[in-house]
Amino acid sequence: MAKGFFQLFAKNMKKSFGPGQYQANGIQVTCIHCQYDRFEQGQAQLNTALATFFNFDFANRSAMILTCHRCGYIHWFGKKVRRID
Ligand SMILES: [Zn+2]
């Protein structure tokens, strides 16, 4: 019972957090370095104090980051990206 639960949990974890394909503004994201189409998704808080200091208030928020699963190139998005697979 417990074992089955953990196997199911691990399977769902992999599906939710493993590398996937993403769309930004309706366009599928491909790595600009190696053209791979699978990424690890992450989120980064942009440096609020620094952004305010330079008056970059538009940048004063969190960003979506997609890290290429093959070459590791990090792609930054200021808007939400949608996972499609
Ligand atoms: Zn890449």
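The following questions and answers examine how the terms used for this predicted model are justified.

Q: What makes Tyr 22, Val 29, Cys 31, Phe 39, Leu 66 and Cys 68 a nonpolar core?
A: A nonpolar core requires buried residues of nonpolar types, joined through C-beta atoms within 7 Å. These six residues make up the largest such core of the protein, so each of them counts as buried, with 20 or more other C-beta atoms within 10 Å of its own. In general, nonpolar side chains in soluble globular proteins tend to be buried together.

Q: Which residues does Val 29 touch, not counting residues up to four places away in sequence?
A: Val 29 touches Tyr 22, Gln 23, Ala 24, Phe 39, Leu 66, His 75 and Val 81. Contact means that C-beta atoms lie within 7 Å, so each of these residues meets that limit with Val 29.

Q: How do you know that strands E3 and E4 pair?
A: Two strands pair if there are at least two bridges between them. Strand E3 (residues 39-45) and strand E4 (residues 62-68) have seven bridges, in the antiparallel sense, and therefore they satisfy the requirement. Within this pairing, Ala 44 stands opposite Ala 63 in E4.

Q: What makes E4 and E5 a pair as well?
A: The requirement is again at least two bridges. E4 and strand E5 (residues 74-77) are joined by four bridges in the antiparallel sense, so they too qualify. The bridge partner of Thr 67 is Ile 74 in E5. E4 and E5 form a hairpin with five residues between them, and Gly 72 in the turn has a positive phi of about 85°.

Q: Why are E3 and E5 called edge strands?
A: The open sheet has three strands in the order E3-E4-E5, with antiparallel pairing. E3 and E5 each pair on one side only, and that is what marks them as edge strands. From one strand to the next, the twist averages 25°.

Q: How many helices and strands does the protein have, and in what order do they run?
A: The protein has two helices and six strands. From the N terminus on, the elements run α-β-β-β-α-β-β-β.

Q: What share of the 85 residues is buried?
A: Buried residues make up 7% of the 85 residues in the protein; each has 20 or more other C-beta atoms within 10 Å of its own.

Terms used:
Residues numbered from 1 in each chain as written. Predicted model: local features only at pLDDT ≥ 70, side-chain atom pairs only at ≥ 80, totals over all residues. Buried ≥ 20, exposed ≤ 12 C-beta atoms within 10 Å, placed from the backbone. Contact = placed C-beta atoms within 7 Å. Axes fitted to C-alpha atoms, helices over the stretch in contact; angles between N-to-C directions.
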